[in-house]
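Notebook open, coffee poured. I want to look up the surface patches, the strand pairing and the charged pairs, and jot down what turns up.

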Amino acid sequence: QYSHELRIASPQGETFDYIAGLYYLDRKFSQDFINDGLGFNPVLAFSSTGYFNEDSTSYAAFGQLTWNISDSWRTSIGVRYSEESKDASRWFLNRVFQSEASLAQANPVLYTLLGTLLNRRDYEYAGDIDESNVDPAFNVQWDFHDDAMAYLSWVQASKAGGFNTN
């Protein structure tokens, strides 16, 4: 993955302080699966192979303005706009050791039952997610002592959905 952030900020300590910026993220994730489980029993032994790929791109613009009301009081408002898109695909293939075809022919009930109980089904899926969000923020701070501060904050945050690799 790689990301970039560009920010501009005012000098601190003025009546109004600000920060604004742009953010970009490009991420690629892949995972291969190889599982040779229950090898101690050739009737129950399953082997599975699969892969998962996900490409994600995220853009955001953000800003915050702080009003330094006095030496001990300040308030700030902010907003973040974000867009994120994800594309994913996965396939999963299961095999029974000692000839899957033999077990299926010799005992189709056991073959189906084992596949259902152990969740051993071949599958494939692909999908995409496109989301955009506006997340506001508000904050009031009071420095009531040299070593202590109290604040009240209201923030809305969001996170884009995703895909399960399993």
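**Entry 1: the nonpolar patch**

I started on the surface and found a nonpolar patch made of I8, F16, Y18, L65, W67, I69, W73, I77, F138, W142, F144 and W154, with about 1200 Å² of accessible area together. Four elements give two or more residues to this patch: β2 (16-37), β3 (46-68), β4 (73-96) and β5 (123-145). The most comes from β5, with three residues.

Note to self on the model: this is a predicted one, where local features need pLDDT of at least 70 and side-chain atom pairs count only at pLDDT 80 or more, while totals for chains, interfaces and linings use all residues. Residues are numbered from 1 along each chain as its sequence is written, and side-chain values use heavy atoms, with hydrogens and water left out.

My patch rule takes residues with over 30% relative accessible area and no salt bridge, joining like charges within 9 Å and nonpolar side chains (Val, Leu, Ile, Met, Phe, Trp, Tyr) within 5 Å. Areas are Shrake-Rupley with a 1.4 Å probe, and for residues only the protein chains shown count as cover.

I then picked out Y18, which sits in strand β2. Is Y18 buried or exposed? Neither: Y18 is partly exposed at 41% relative accessible area, since buried means under 20%, exposed over 50%, and partly exposed in between (1.4 Å probe, protein chains only).

**Entry 2: layout of the chain**

I counted two helices and six strands, taking helices (H or I, at least four residues) and strands (E, at least two) as DSSP runs numbered from the N terminus. Along the sequence the pattern reads β-β-β-β-α-α-β-β. Of the 166 residues in the chain, 25% are buried.

Next I checked how β5 pairs with β6 (residues 148-155): they run antiparallel and are joined by seven bridges, where pairing needs at least two DSSP bridges between two strands. Just two residues lie between β5 and β6, and the two strands form a hairpin. Opposite Q141 I found Y151 of β6.

I also looked at Y59 in strand β3, which is partly exposed with a relative accessible area of 45%. Y59 and S85 are 26 residues apart in sequence, yet their C-alpha atoms are 9.2 Å apart in space.

**Entry 3: the negative patch**

D55, E83, D87, D128 and D130 form a negative surface patch. Here Asp and Glu count as negative and Lys and Arg as positive, with His and the chain ends not counted. I placed each charge at NZ of Lys, CZ of Arg, CG of Asp or CD of Glu. At least two residues of the negative patch come from each of β4 and β5. D128 is in strand β5 and is exposed, at 53% relative accessible area.

**Entry 4: salt bridges**

How many salt bridges are there? I got five, with a side-chain nitrogen of Lys or Arg within 4 Å of a carboxyl oxygen of Asp or Glu as the rule.

One of them joins E5 and R7 at 2.9 Å, N to O. E5 is partly exposed at 44%, while R7 is exposed at 56%.

Another joins K28 and D26 at 4.0 Å, N to O. K28 is exposed at 58% relative accessibility, whereas D26 is buried at 13%.

D143 and R74 also pair up, with their closest N and O atoms 2.9 Å apart. This pair links distant parts of the chain, D143 in β5 and R74 in β4, 69 residues apart. D143 is partly exposed at 26%.
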